[in-house]
Amino acid sequence: MLTKLLKYDLKYMIKNMSIFYILGIFFAITTRIFFSLEQSVIVNIIGQISVGCMFSILANILINTIMRSWIRFRDSIYKDEAYLTHTLPVTKNDIYNSKFFQTLIFFIVGFVIIILSLFIAYYTKERWLELRSLISSITTGLEFNTTLFIVSFIAIIFLEVFNAIQCGFLGIILGYRKSNNKIGFSVLFGFIAYLLSQSIVLLLVFIVGLFDSSIMNLFTNNILLDTKSLKILIVLAVIIYLGIILLMSLLCRRELNKGVDIE
Amino acid sequence: MNEMKLLEIKDLNKSFDDKQILKDINLSISEGKIVGLLGKNGAGKTTLIKLINDLLTPTSGTVMIKGEKVGVESKKVISYLPERTYLNKQMKVSEVIDYFADFYDNFDIEKAKKLLIDLDLDINQKLSKMSKGMQEKVQLVLVMSRIADLYILDEPLGGVDPATRDYILDTILTNFNDGASVIISTHLISDIERILDEVIFIDKGKIILQSDADKLRNKEKLSIDEIFRRMFKC
């Protein structure tokens, strides 16, 4: 049943997000075209408009993915559509898992579209070499493998945002238990969940710092981390975020399984 | 030996904050009955129905469907028509039909298509382009196209003209499968009186009467509508 639920959740997101993907790529192409034409005032103005449109659409892809995930979660679990969702012969775990994977998939798709659009708009061999050289100068200085550096960097950002989305889900579940001002309480509980998850990250880093004086420097002074400690911190951050996402998702499932009260 | 009831509710209570909406509900419904859940507006009919359908969580007490607690198995055998439109309005009628066929093994696509034609509904139309009344008819088609054991219809006649009411009642009567039971919640008693086997009167969150419809009529020498009006006189 999870695959069936996921199929319809993905269809919903495709219907709502595809226009942003198309526009993002469209403005990336126009950006490339106008900057490759012989420059004149008009061409330059249109090119700049194109750049502005492209970046606003790309920002929109990220924001819309997050907002749509929350809205879809709220609408199908607590609003009118809930009359259908909760009368389907599926478990509450499947309902939650479907929303979880839908968000995960569209977050990855959005990320790919953003990278693809930037690639279309700005790729030249020279720029590519410049970028590689910049990254490699950073990673060489840090004695880091380039690929591992990029993957870790992207993974931490990705996990951080995904954690925020899940805090939003938990906020909605707890907020909709209240008999009034459900949206206000959802925002409040989501915010508290996010603060708590960030506090857990800090606490765990602090605990590791008790055994590694270099990491403890993060809490006691302004000295930059040494390479070895930076590596430990990056790996630690990935592990902690994965753990928090798992914990948050178990918490959401547990709370949802306690039952709902649909107006 | 105790006969297993299709629906059995024991000591059911539901409160929102300090306000108690349902108080100590006990009732059972056997197979093959058409039951009228009758009460004034705000008596607790919809709350009771929502508890049977897992849309509300009981404060205390149990709801059992064919001997099992409300859950995946009960949802397979209950076909529920809420009192509001709940379908995703971005979908076409054909997509909604596919959706129901995907999730309910007992959904009869051919029957749904036939009912849509009978009710003059376009299968290719988007729900957002339909009037509220048309959307309600689509929902009725979806519910009655399932081969369920228990049909629960919450105010199926609310907001429609008398001619359509008769048509809806006929659709219900001719489309629920043999051996199944139907619970119809309404305050328009005179319209459904003719089809009821049993009646349940609910007032201020309490069941005040559950009886065989004919026995009640014979005992009181009045129609159910008249009995209701007498009992709930303001």
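Student: Which residue stands opposite S79(B) in β7(B)?

Tutor: This is a predicted model, so take the pairing as part of that prediction. Strand β6 of chain B, residues 78-81, runs parallel to β7(B), with four bridges joining them. In that pairing, the partner of S79(B) is Y151(B).

Student: And on the β8 side, which residue does I152(B) stand opposite?

Tutor: β7(B) also pairs with strand β8 of chain B, residues 181-186, in the parallel sense and over five bridges. There, the residue across from I152(B) is I183(B).

Student: How many residues of β7(B) are buried?

Tutor: Split the strand by direction: L150(B), I152(B) and D154(B) point one way, while Y151(B) and L153(B) point the other way, and all are buried. In a regular strand, side chains alternate between the two faces of the sheet. The strand is largely enclosed by the rest of the structure, because the buried count for residues 150-154 is five of the five.

Student: Which residues touch the most other members of the largest nonpolar core?

Tutor: That core has 94 residues. Helix α6 of chain A, residues 146-175, gives the most to it, with eight residues. Apart from it lies another core of nine residues, including F27(A) and M54(A). Back in the largest core, the ones touching the most other members are L170(A), I152(B) and V182(B).

Student: What is V182(B) in contact with, leaving aside its neighbours within four places in sequence?

Tutor: Contact here means C-beta atoms within 7 Å. Two of the partners, Y151(B) and L153(B), point the same way from β7(B). The full set is I34(B), V35(B), Y151(B), L153(B), I172(B) and F176(B).

Student: Let's move to the other sheet in chain B. What is the strand order of the open sheet of four strands?

Tutor: Build it up from the pairs. β1(B), residues 7-16, pairs with β2(B), residues 19-29, in the antiparallel sense over seven bridges, and β1(B) also pairs antiparallel with β4(B), residues 60-65, over five bridges. The edge strands, each pairing on one side only, are β2 and β5 of chain B. That gives the order β2-β1-β4-β5.

Student: Which residue in the β1(B)-β2(B) turn has a positive phi?

Tutor: The two strands form a hairpin with two residues between them. F16(B) stands opposite K19(B) in β2(B). The turn residue with a positive phi, about 55°, is D17(B).

Student: Which residue of β4(B) does K10(B) stand opposite?

Tutor: Start one place back in the β1(B)-β4(B) pairing: I9(B) stands opposite V63(B). For K10(B), the residue opposite is T62(B).

Student: Is D24(B) buried or partly exposed?

Tutor: D24(B) is found in strand β2 of chain B. Leaving aside neighbours within four places in sequence, its contacts are D11(B) and N13(B). A residue needs 20 or more other C-beta atoms within 10 Å to be buried. D24(B) has 14, so the call is partly exposed.

Student: Over to chain A. How many helices and strands are there in chain A?

Tutor: From the N terminus on, the elements run α-α-α-α-α-α-α-α-α. The C-alpha trace spans about 60 × 55 × 35 Å along its principal axes, and 27% of the 263 residues count as buried. The tally is nine helices and zero strands.

Student: How far apart are the end C-alpha atoms of helix α2 of chain A?

Tutor: At 1.5 Å a residue, the 38 residues of α2(A), 41-78, should span 56 Å. There is also a kink of about 25° in α2(A), centred on I63(A). The end-to-end distance agrees with the expected span, at 53 Å.

Student: What covers the buried residues of α2(A)?

Tutor: The buried residues of α2(A) include M54(A), I57(A), I61(A) and T65(A). An α-helix has 3.6 residues a turn, so residues three or four places apart point the same way. Among the elements covering the buried residues are α1, α3, α4 and α6 of chain A.

Student: Last one: which element gives the most to the side of chain A that touches chain B?

Tutor: The contact takes 18 residues from chain A and 22 residues from chain B. The elements giving two or more residues to the chain A side are α1 and α3 of chain A. By class, that side has eight nonpolar, five polar and five charged residues. The element giving the most, with three residues, is α1(A).

How values were computed
Residues numbered from 1 in each chain as written. Chains lettered and ligands numbered in written order. Predicted model: local features only at pLDDT ≥ 70, side-chain atom pairs only at ≥ 80, totals over all residues. Core = buried A, V, L, I, M, F, W, Y, C linked by C-beta atoms within 7 Å. Buried ≥ 20, exposed ≤ 12 C-beta atoms within 10 Å, placed from the backbone. Expected span 1.5 Å × (residues − 1). Bend = angle between axes of the 7 residues up to and from the residue. Nonpolar A, V, L, I, M, F, W, Y, C, P; charged D, E, K, R; others polar. Pairing = 2+ DSSP bridges.
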